[in-house]
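Here's a quick look at what sits inside this protein and at a couple of backbone oddities. Have the sequence and the 3D view open as you read.

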Amino acid sequence: MMTVKRAFLFIGLLVIAVGLFGVSVNDLFTRSASSSVVSESGDYLIENVPVRGWLVPFDDLAYLRITDKRDSNAVFRSPLYPRSAVDMSAHEDDVIVGIVWIDFYKRDQHFGIRMPEWRSHWLNSFISNTRYDIVGSD
């Protein structure tokens, strides 16, 4: 009888842990940006969104959120990067919209990360909803 109680307790704690993780990740998606810029064409909103909290207690990370202003349901999130490396100077042409170190390819909708010393983070598979390529890093 005691093992059944322990099993229910374990399952209950597991459900609570998964629920807290889900709520925390969802909070990251709806967070306010620390800085933003509109692309030259006015078609894209580019936002730098900080990621802090118990999921990343020792890192000062952020992700880029690009919203297609012509279709507000089209929101693209980059993988995490160090906030200290961000430069929100925007650029745009027929193929790419982005900031220094991070490009978003409009046609096939993927990110190109050119950031020096970029490191992958375990949360990228949860935060980034867009394919990305690491173009160069040290």
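## The nonpolar cores

In this predicted model, the largest nonpolar core is made up of 17 residues. If you want to find its best-connected members, look for Ile 46, Leu 64, Ile 66, Tyr 81, Ile 102 and Phe 111, which have the most contacts inside it. Five strands each chip in at least two residues: strand 2 (44–51), strand 3 (61–68), strand 7, strand 8 and strand 9. Strand 3 gives the largest share, with three residues.

There's also a second core, separate from that one, with eleven residues. Among them are Leu 28, Val 56, Leu 123 and Ile 127.

## Two loop residues with positive phi

Now for the backbone. Most residues other than glycine have a negative phi, so exceptions are worth a look when you spot them. Trp 101 has a phi near 85°, and it isn't a glycine. You'll find Trp 101 in the loop that links strand 7 (96–99) to strand 8 (102–105).

Gln 109 is another non-glycine residue with a positive phi, this time about 50°. Its place is the loop between strand 8 and strand 9 (110–113).

## How exposed are they?

Are Trp 101 and Gln 109 buried, partly exposed or exposed? Trp 101 has 29% relative accessibility, so it counts as partly exposed. Gln 109 has a relative accessible area of 40%, so it is partly exposed too.

Definitions and conventions: Residues numbered from 1 in each chain as written. Predicted model: local features only at pLDDT ≥ 70, side-chain atom pairs only at ≥ 80, totals over all residues. Heavy atoms only, no water. Helix = DSSP H or I, 4+ residues; strand = E, 2+ residues; numbered from the N terminus. Buried < 20%, exposed > 50% of the residue type's maximum accessible area, 1.4 Å probe, protein only. Core = buried A, V, L, I, M, F, W, Y, C linked by side-chain atoms within 4.5 Å.
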